[in-house]
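Please open the model in your viewer and keep the sequence panel beside it, since this tour moves from one selection to the next. At each stop, make the selection first and then read what is there.

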Amino acid sequence: DYQYSGQGMVNQAQYVMQYMEGQGWGYQYPEQGLEGHYSGQTTRQIGRIHSSMPAQIRETATQCIIERNIMNSELYRELKNNGVDFNEDYRTWNKDKMLQKIAFVMGLDYHMDPDMSYALTADNLIKILAIQMRFRCGIPVVIMGESGCGKTRLIKYMCDFAAQSTETRNIFILKVHGGTTQKDIKDCIENAEAWAERNQMDGLDTVVFFDEANTTEAIGLIK
C-alpha cells in the first residue's frame, strides 16, 4: 500500500493479459472482459472475449481487436463446461452473486459474508480478482490510492472471506509511519511466517500488508 496524492494510474488489464498468457485456467477471471483501473478510483470495461474460433478480445465500443488467438476451441469448451459464462454481465450481480464468484476463484466449497456492512461493488470485485490472480502467479501486490479510499478494508475483507473463520489469522497489517524501524518490519514478517506454515496446510494464503509503506526510511527492506 502506497500513500500518494493527485492522479495515478494502475492498468489492471495488463495483469489479466499477462495471467491469461501464462495460466490456462486463469481465463475464468476476465470472463466479462478486461478491466482498466484509472485514477485510483473506478473501473470500466475495455474489452470482451468473443467466442469466435480462435477466440479474440474486442474493444467493447469499437469492436476493434485487442488480442488475437487468446485460447483454442478446446479450452473455450472446457471453460464453458465448468461454468464460465462469457456473456454474463458482472455489473448486474448482487453481493451474494459476487461472493459466489470470489469463492469459486478461491476454491472455497462454501462461503459466508465476513462483514455484512461492507459494500462489495463491482469495482471492488474486480480489484479482489486482480489481487488473487497475482497471488496465483507469485507476484507481489502494490495498491495505490489516497488515504481513506478503502485500500486496507478491501484487503482485510478479502482475507476474512478467504479464512471463513474468526480463529484463523491470515492477514498481518503493519501501520507504517516515519518511526517504523527495520526491526518492526522483521518482527511482523516473522510472526506472519509462523502463521503461514499453519495456513499453508489448509491451502490458505497469508497476507502481510504494509499500510502506507512509503512513509518509512526502512522501505528498502520492504522492497
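A residue counts as buried when its relative accessible area is under 20%, as exposed when that area is over 50%, and as partly exposed in between. Asp115, with a relative accessible area of 23%, is therefore partly exposed. Please keep in mind throughout that this is a predicted model.

**The whole chain**

Begin with everything shown as a cartoon, where you can look for the 7 helices and 9 strands of the chain. If you colour the residues by burial, 42% of the 223 residues count as buried. Switching to a surface view, you have about 12,100 Å² of accessible surface before you, and 48% of that surface belongs to carbon and sulfur atoms. As for how the chain comes together, residues 24 or more positions apart account for 57% of the contacts with a separation of 6 or more.

**The nonpolar cores**

In soluble globular proteins, nonpolar side chains tend to be buried together. To look at such a group here, select Ile102, Leu120, Ile155 and Met158, which are the residues with the most contacts inside the largest nonpolar core, a set of 28 residues. Helix 3, helix 4, helix 5 and strand 9 are the elements that give two or more residues to this core, and its largest share, 8 residues, comes from helix 5.

Now centre the view on Ile155 and show what surrounds this residue. Once its neighbours within four places in sequence are left aside, Ile155 is in contact with Ile131, Ile143, Ile171, Val207 and Phe209. Apart from the largest core lies another core, of 9 residues, and to find this second group you can select Phe172, Ile185, Cys188 and Ala218, which are among its members.

**Three salt bridges**

The count of salt bridges comes to 7, and the next selections take you to some of them. Return to Asp115 and add Arg153, with which Asp115 forms a salt bridge whose closest N and O atoms are 2.8 Å apart. Asp115 lies in the loop between helix 3 and helix 4 (122-136), whereas Arg153 lies in helix 5, so the pair ties together parts that are 38 residues apart in sequence. Like its partner, Arg153 is partly exposed, here with a relative accessible area of 42%.

Next, select Asp123 and Lys127, whose side chains meet in a salt bridge with an N to O distance of 2.8 Å. Both residues lie in helix 4, 4 residues apart, which is about one turn of the helix. Are Asp123 and Lys127 buried or exposed? Both of them are buried.

For the third pair, select Lys156 and Asp160 in helix 5, again 4 residues apart, or about one turn of the helix. Their side chains meet in a salt bridge at 2.9 Å, N to O. Lys156 is partly exposed, with a relative accessible area of 39%, and Asp160, at 25% relative accessibility, also counts as partly exposed.

**Gln164 and its surroundings**

Follow the chain onward from helix 5 (151-163) into the loop that leads to strand 8 (171-175), where Gln164 has its place. Because its relative accessibility is 9%, Gln164 counts as buried. Its phi angle is near 55°, a positive value in a residue other than glycine.

Which backbone atoms lie 2.6 Å from a polar atom of the side chain of Gln164? One of them is the backbone nitrogen of Met112, and another is the backbone oxygen of Phe161. If you show contacts beyond its neighbours within four places in sequence, you will find Gln164 in contact with Leu108, Tyr110, His111 and Met112.

**Two further loop residues**

Select Glu212, which sits in the loop between strand 9 (207-211) and helix 7 (219-222). Glu212 has a positive phi of about 60°, although this residue is not a glycine, and at a relative accessible area of 21% Glu212 is partly exposed.

Finish with Phe86, which lies in the loop between helix 2 (73-81) and helix 3 (95-106). With a relative accessibility of 2%, Phe86 counts as buried. Adding Tyr76 to the selection lets you check a distance in the viewer: the two residues are 10 residues apart along the chain, and their C-alpha atoms are separated by 9.6 Å.

Note on methods. Residues numbered from 1 in each chain as written. Predicted model: local features only at pLDDT ≥ 70, side-chain atom pairs only at ≥ 80, totals over all residues. Heavy atoms only, no water. Buried < 20%, exposed > 50% of the residue type's maximum accessible area, 1.4 Å probe, protein only. Polar contact = N/O pair within 3.5 Å; in protein donor to acceptor, adjacent residues only side chain to side chain. Contact = heavy atoms within 4.5 Å. Salt bridge = Lys/Arg side-chain N within 4 Å of Asp/Glu carboxyl O. Areas by Shrake-Rupley, 256 points an atom, 1.4 Å probe, with all protein chains shown as cover. Core = buried A, V, L, I, M, F, W, Y, C linked by side-chain atoms within 4.5 Å.
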